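Me: Please take me through a close look at the interior of this model, in one connected account. I am new to it, and I would like each term explained where it comes up.

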Amino acid sequence: MDLNKNREDESKTNSSEMVPVKYGPHIDVHSEAEVLQGTVHVLAQFAPLQLNTDLNIPPSNWLRSTTEVQQYVHKSSRRPTQFSSIQMALNCPDVVGDVDVISSAENIKKLLKIPFGKTHISLMVHKIGKSLLLDDFDIHKHLFRRAQANWKWLRDFYQNQMMCIPRGSARENSLHNIGVPRESKSRDSLQNRNMYSKFLYHSVRNEAQSQALHRDHEHQQPLVLSHSHSEQHLDRNNPPREVLWTFEDIRMLIGTDLPIFCKDSYYVSLRLRDMRTPINVLTGLDYWLDNLMCNVPELAMCFHLNGFVKKYEVIKTEDIPNLPKSSFNPQVVVDIAKNILSFLKTNATKEGHTYWLYKGVNDDVVKLYDLTTLCSDTKGAEDENPFTVPVGMLLFHVARNMWQSHGRRKDATICTLLESCLFLLNKEIYSEVCASASYMLSDLYVPDSAIQNNWLTSQGEDDSDDDESVSSFQEESQSDPGPTTEVGVDNLCHNYHQDHCHHMSTIKPITSDIEERCHESLTYIHKGLVCFELHNAKKKRMESHIVEEQVRCNRDEAIPLHYEPLQKKHAVSSEDLYIAECKDVVHVGTDESSRSSSCHDSFKAKLIHKAAITFHALAKMHASQNKYRECLRLLRNALICLCGFRKLLPGKAQENTELMIHILELSADTGLLITKSAVKKEDLDMTLDEISEEESEIIECVMMEVDEDAHKWLFDLTADKEKNYSSCILCYQHCIALSQSLVEGQQDIIGSLMKRLGNAQNEMGVWYMQQAQTLLQSEGGSQPAIEMEILWRKSSNMIQQGIHTFEIAADVVNQALLHSNMGRLMRLCAQTFTKINHRKEKPEFSNQERYYFQHAKESYMKALSLLKSDHSQLYAEIADSVSWELSTTYFNMATLMQDYAPLTVHQQEDVEKEVINLMSMSLKLCTCKTETSSAKQTMYLYRAATINHRLGSLFHNSLRNQSSEQKRKYHRQLAEQHYEKSVKQYKSVDSYIEVLRVQLERIALLDFWLTSQQMPRSRLRTLFLMLHLIGECQETFGFLSNQQDESGGEEEEKGGASSSDSEILEEMKTLTKIMESRLQFVLLHLVKLYSIVNKKSKHENTYLDEVKQLYMQSLKCDKSQDILPATAQLRKHWSFLLTLLPDVTKFYLKVAQTDHDLHLPKS
């Protein structure tokens, strides 16, 4: 061959010189390498060998390992390191789920070489999150060199599916006659390995040169060291490296033991080649991938002939694909990598499942078997999967690492990993791991931050990934690839198209429904407690077994002492890489140095604490839905769990003060609401007994640690509301006492607790007030009952305590509301004495009534002053309500004094002054509200109209007792003013019955004034004023008539009027008749006056005739209508008046416009 001839010619030159060789144009491929675990700073210094160096003769330092460099070369020259993807994942848990593949470099190279040769492939595949774990599976070693009882199902599966050996007596013997791929142990392979080892030792510089060069080039490294791993994680005595390799857009964690040497200012990998053996594509691809994986820029290839060195060639890594007779297209290799990865991710989709990637020597397809599914489908083979335990342990460690390092950003992934872990591991054997996984799952569903209503709803690392996960998860059942899939070898070389690939994810998103999350959390807490009880039972059995063994010890035999090395090595057993026992005990989030109890108690306390948080979160959800009885049951469970936690870990009790406060606070809130809603005791008992099986078992487990329910008094609600209110108040006070021990940042809760306490005290005070109000209805004595006075005192004390509590909390608004309630209580006391006084023969307004009304007025004024001190308008409605209550207090007191004047102890004039003063203050509060657009404007207008009516009546009555003409005129003027205002205000609220009543009183006032007049013209003017008031009633009668027509139809449909309606009809009938009589009276007196005037003057004849005509019409009312029903009578009277009053009004206006001497109003 020309290549060999060229090498023979070049062998004549001095081979100590490195001859760089360049080959054709190269194709750029993106490749980056970063060391995560392993030795990178100890690199052997390369010394090129002299020409004709005999590699058959071992160097003086061969197989020595006294120095670091010798150790490096010694371990690099041994057999290839057997990397375990599971162990690699345990060493670098941070990258699990982020990288695409975790495997050894040899396995990656095997996959990429599939289309270039007819090699045998046997790899075990596991899916952990987004990562695929690949491990070489030596069929001969693991299946045929083991005992027949070991891995029997897998052996039978291989024989049936791949070797097609029929069942029969000669089945086992036939295995030895069929060629099963195995590692070559021929003499030539051993000689080549030894020669390569001697070559590496020959290539190492002497120790002094090596140390000097190492110091000069210490900062230059071919591999980039990850900044996320400190140097303490690197094993200086273990040259195999775990490298994070990025090949195009594929990220892989690979294990490699490629020896790397330093030559002056560059780094090379060394290869030893026999000049008689040409380099083929597989060899070139092997060299190229090794250099890419380790980020080595050059390859130093040493050629020998029968062990004698002939020459060196230095080839850049990017030129290796262009070597003569061994060239390949790097882009094809990239497509192969992407197609294989796509095939695996599309079909290996189930978390924790074990898949077998298999290809025979001459097969044209690569098959993928789901061993977990196939094993579960075979009866009796469920426990024979040898990969269940290591994969389950790995799932746990990866999930725990994510849980501790990634916070809440990967909840869905962690949840899927832990659920798969629990599915794979036997809870009786690995009870501690299962208990820890259950705790973490419960924490994912209900985090500790749920105490502050922070549920941390972020479900994933990336929104696009989450959407894909959700959609893929929903379609999983419809697109299950099945237990066996395959892909053609030729298809692996096709151009990779991203659109043709859909990688299905089985990550189930965590629900956002709080109730569902809480129930899931309780399920896993229950599982965790069961697992830990199993662990405790197993531990006790082991201890008793040790005691029994010690009893049976032979005195002539030494007792074996169990020990562990000081420096543990995290390595998988060389006998079996797949059955790795987890020796370290799993502890979650608890500092052992701060614990005074055992590890068992500590972890059980963690689960119980999580149960308390979950019960509290679920109770809050039920409280928001007004399901108070269910809330109370869950809160009782939460308190029991928290008491159990404090009993197990008394030193941690202070850390859970905030949770205890929240539980007690919600318990008091719920008890308060239940007490207000008057739930029956039997209903509460039934609800508290309705508990699920999981809740029951959790509580039973906790009650084993708790002597009794210390907070039973809080949930022992009875029909006695006083006791229930007292329990709630005591609970709030206990919360406030606990909150004093919180740190400064958490003491904001004290203000909220103080407000809740004040509210409870107010509720209890109002309840006492309501009881006194109920007792008042049945009170019949001459003095208030002792029981009522006790209720008054209790109500007053509780309201005063509430006011004091809100003063501490600086809550101005609630202080005002409680002062208002105090005013309401004082009015109730006054009302009680009013009822007692009304039973007397001559009731009068008493001093007791005055005393309580005065205190009510002071309370309302305090409330208003507090609200006015707050300049904001946020509480305007509250201020309006308090103003109305104060106005009502003034009005009631004035009304009682006016109706039942205390003339035995006060003068009439003094009483009138006080009544006027009280009415004026009440009217002032109403007037300011009637001028604004308030929702209660109608109510304020009616109150103002009533006050003006009463003031008009008061001045009207006072007018009768005045002897001074000046005072009489003044009181008449005041009475007329108030009557006029009252009529306008009554009309504005459509209270026309009251309008009719006020008009009659105004007519009566003019009638009284008429009796004191002697001059005809004065009397005539007064009569016309009375006629004018009667004419104004036309609008009133029209409104009443229309209203009666509307209500009459409704009454007929309902079958008659009620008793209250009958009273109103009777009153309207009486007022109408009085108005008719007053009209006749006025017209009659006008006829008399005009008759007298006509005798003196002949210019009044026209008025006299008209008045006579009107008087004659007023007398035409049909008296027979009195036998008709009340409604019909009213309609007849109103119809008559509505016919007559327009003529009366017309006559009045004519006189007012013509007779100017009378000075009559013209409107």
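Reply: A contact here means heavy atoms within 4.5 Å of each other. With that rule, and leaving out residues up to four places away in sequence, Phe1024 touches Leu1086, Tyr1090, Phe1147, Tyr1148, Val1151, Leu1158 and Leu1160. This is a predicted model, in which local features need pLDDT of at least 70 and side-chain atom pairs count only at pLDDT 80 or more, while totals for chains, interfaces and linings use all residues. Residues are numbered from 1 along each chain as its sequence is written, and side-chain values use heavy atoms, with hydrogens and water left out.

Phe1024 belongs to the largest nonpolar core, which has 238 residues, and together with Trp356 and Leu1086 it has the most contacts inside that core. A nonpolar core is a set of buried Ala, Val, Leu, Ile, Met, Phe, Trp, Tyr and Cys residues joined through side-chain atoms within 4.5 Å, where buried means under 20% relative accessible area, exposed means over 50% and partly exposed lies in between, with a 1.4 Å probe and protein chains only. Apart from this largest core lies another one, of 51 residues, among them Leu112, Met293, Phe343 and Leu357.

Leu112 also leads to the empty space inside the model, for Leu112, Ile108, Leu111, Met252 and Ala337 lie nearest the centre of the largest cavity, which is lined by 13 residues. A cavity is a set of points on a 1 Å grid over the protein atoms alone where a 1.4 Å probe fits but cannot get out, and its lining residues have an atom within 4 Å of a point. The elements that give two or more residues to this lining are α4 (105-112), β8 (241-247), β9 (250-256) and α11 (330-347), with helices (H or I, at least four residues) and strands (E, at least two) taken as DSSP runs numbered from the N terminus. Of these elements, α11 gives the most, with 4 residues. The lining has 13 nonpolar residues and no polar or charged ones, where Ala, Val, Leu, Ile, Met, Phe, Trp, Tyr, Cys and Pro count as nonpolar, Asp, Glu, Lys and Arg as charged, and the others, Gly among them, as polar.

Helices α4 and α11 take part in salt bridges as well, a salt bridge being a side-chain nitrogen of Lys or Arg within 4 Å of a carboxyl oxygen of Asp or Glu. One of them joins the side chains of Lys345 and Asp100, at 2.7 Å from N to O. Because Lys345 lies in helix α11 and Asp100 in the loop between α3 (85-91) and β4 (101-104), this pair ties together parts that are 245 residues apart in sequence. Lys345 is buried, at 14% relative accessible area, and Asp100 also counts as buried, at 15%.

In helix α4, the side chains of Lys109 and Glu106 meet in another salt bridge, at 3.0 Å from N to O; these two residues are 3 apart, about one turn of the helix. Lys109 is buried, with a relative accessible area of 2%, whereas Glu106 counts as partly exposed at 38%.

A pair elsewhere is Glu909 and Lys913, whose side chains meet at 3.8 Å, N to O; both lie in helix α30 (residues 908-930), 4 residues apart. Returning to Lys109 and Glu106, salt bridges that share partners join these two with Lys113, Arg271, Asp286 and Asp290 into one network.

Methods. On a 1 Å grid over the protein atoms alone, a cavity is a set of points where a 1.4 Å probe fits but cannot get out, and a pocket is an open set with protein on both sides within 12 Å along at least five of seven lines; lining residues have an atom within 4 Å of a point.
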